[in-house]
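Visitor: I would like a close look at one residue and the elements around it.

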Amino acid sequence: MAMCYQPIGVMDSGIGGLTVVRELQRLLPGEDLIYFGDSANCPYGNRTPDQIEQLSKNILGFLEESGVKVTAIACNTISALADRLIPAFSHKIISIVIPAANAVVFEGLREVGLIATEFTVQSGAYEQLIHEFDPSIEVFSQGSPLLAWLVDRGDFNDDEIDTEIITQIDKILARRKVRHIILGCTHYPIIGQNFARCYPGVTFIDPALEQTKAISRYLGQQHLLSDRKQGRFVICTSGDPQVYLQVVRRLGLREPDEIRVVKL
């Protein structure tokens, strides 16, 4: 049985899920957080479903052994395979796709764009979930093979990033001049200022906030919210920890209490 002082797990293929950590630290500052970013194998979006499933199960197993009370799959690519992953573990797992799809419906949008990894787009996860709620909503999706990788490098070259953003968003707008676009990869809000600068007339939807709200609701319903004033923050990664520290500062997060390299 889960206890309130157990940590929240956050998993991602790399640094992108730190955008979920940002929202968790804002909304649930008293919670302990264990983050795992698998940068050694990033990007997941260019891998096969079986490869993604195995890598994800390795991370979820690590987090379950670490005693988490809930895990946020802070990766849209992994979330597209949530139905394969959730039954294999005993703790609560919340994907990032479902809360974002709910938000589109709740806001009453009749059409929405989606930029994500190629795998997420090909999976049709967003379209499927949105259409379960309202089949009349039109979704215009575009996959980027490069953007998550460009961000995960950590050098934030604006010219390269802006070029890839414009290349892919223009393809969406050529099909429909949508006013709302889902950032369907948690790496993308890290460069939110690039999206806003390139397309000031478009509202970009950040699924990280919606996922954090869903986690807060679940913990509240289960009486698992921590009453501490400030929780611990631990980063585990299979890649370069210095990139994570750079993004922590870029996002204005609390400095991690511990950061370590973990090979699964």
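Visitor: Does Gln-211 count as buried or exposed, and why?

Guide: This is a predicted model in which local features need pLDDT of at least 70 and side-chain atom pairs count only at pLDDT 80 or more, while totals for chains, interfaces and linings use all residues. Residues are numbered from 1 along each chain as its sequence is written, and side-chain values use heavy atoms, with hydrogens and water left out.

Gln-211 counts as buried because its relative accessibility is 0%; buried means under 20% relative accessible area, exposed over 50%, and partly exposed in between, with a 1.4 Å probe and protein chains only. The residue sits in helix H11, residues 207-221. Helices (H or I, at least four residues) and strands (E, at least two) are DSSP runs numbered from the N terminus.

The side chain of Gln-211 reaches the backbone oxygen of Ile-73 at 3.1 Å. With neighbours within four places in sequence set aside, Gln-211 is in contact (heavy atoms within 4.5 Å) with Val-20, Ala-72, Ile-73, Ala-74, Ile-94, Ser-95, Ile-96 and Pro-99.

Ala-72 and Ile-73 belong to strand E3, residues 70-73. In E3, Val-70 and Ala-72 point one way and Thr-71 and Ile-73 the other way, and all are buried. In a regular strand the side chains alternate between the two faces of the sheet. E3 pairs in the parallel sense with strand E1 (residues 8-12) over four bridges; two strands pair if DSSP finds at least two bridges between them. Ile-73 of E3 is the bridge partner of Met-11. E3 also pairs in the parallel sense with strand E4 (residues 92-95), over four bridges, and there Ile-73 stands opposite Ser-95. Ser-95 is among the contacts of Gln-211 too.

Next, the strand that precedes the helix. Strand E8 (203-205) is an edge strand, as is strand E6 (138-144), and each pairs on one side only. They belong to an open sheet of four strands in the order E6-E5-E7-E8, with parallel pairing. The twist averages 25 degrees from one strand to the next, the axes being lines fitted to C-alpha atoms (for helices over the stretch in contact) and angles running from 0 to 180 degrees between N-to-C directions. Strand E5 (residues 111-117) runs parallel to E6 and is joined to E6 by seven bridges; one facing pair is Thr-117 and Ser-144 in E6. Helix H7 (residues 125-133) lies across E5, E6 and strand E7 (180-184), and runs at about 165 degrees to E6.

For contrast with Gln-211, consider Asp-155, in the loop between helix H8 (147-153) and helix H9 (158-175). Asp-155 counts as partly exposed because its relative accessibility is 45%. Asp-155 and Ser-141 are 14 residues apart in sequence and 27 Å apart in space, C-alpha to C-alpha.

Further along the chain is strand E9 (residues 233-237), where five of five residues are buried. Phe-233, Ile-235 and Thr-237 point one way from E9, whereas Val-234 and Cys-236 point the other way. Strand E2 (residues 33-37) runs parallel to E9, joined by five bridges, with Ile-34 opposite Val-234. Four bridges join E9 to strand E10 (residues 258-261), again in parallel, and Thr-237 stands opposite Val-261 in E10.

Key:
A polar contact is a pair of N or O atoms within 3.5 Å; within protein, one must be able to donate a hydrogen and the other to accept it, and residues adjacent in sequence count only if both atoms are side-chain atoms.
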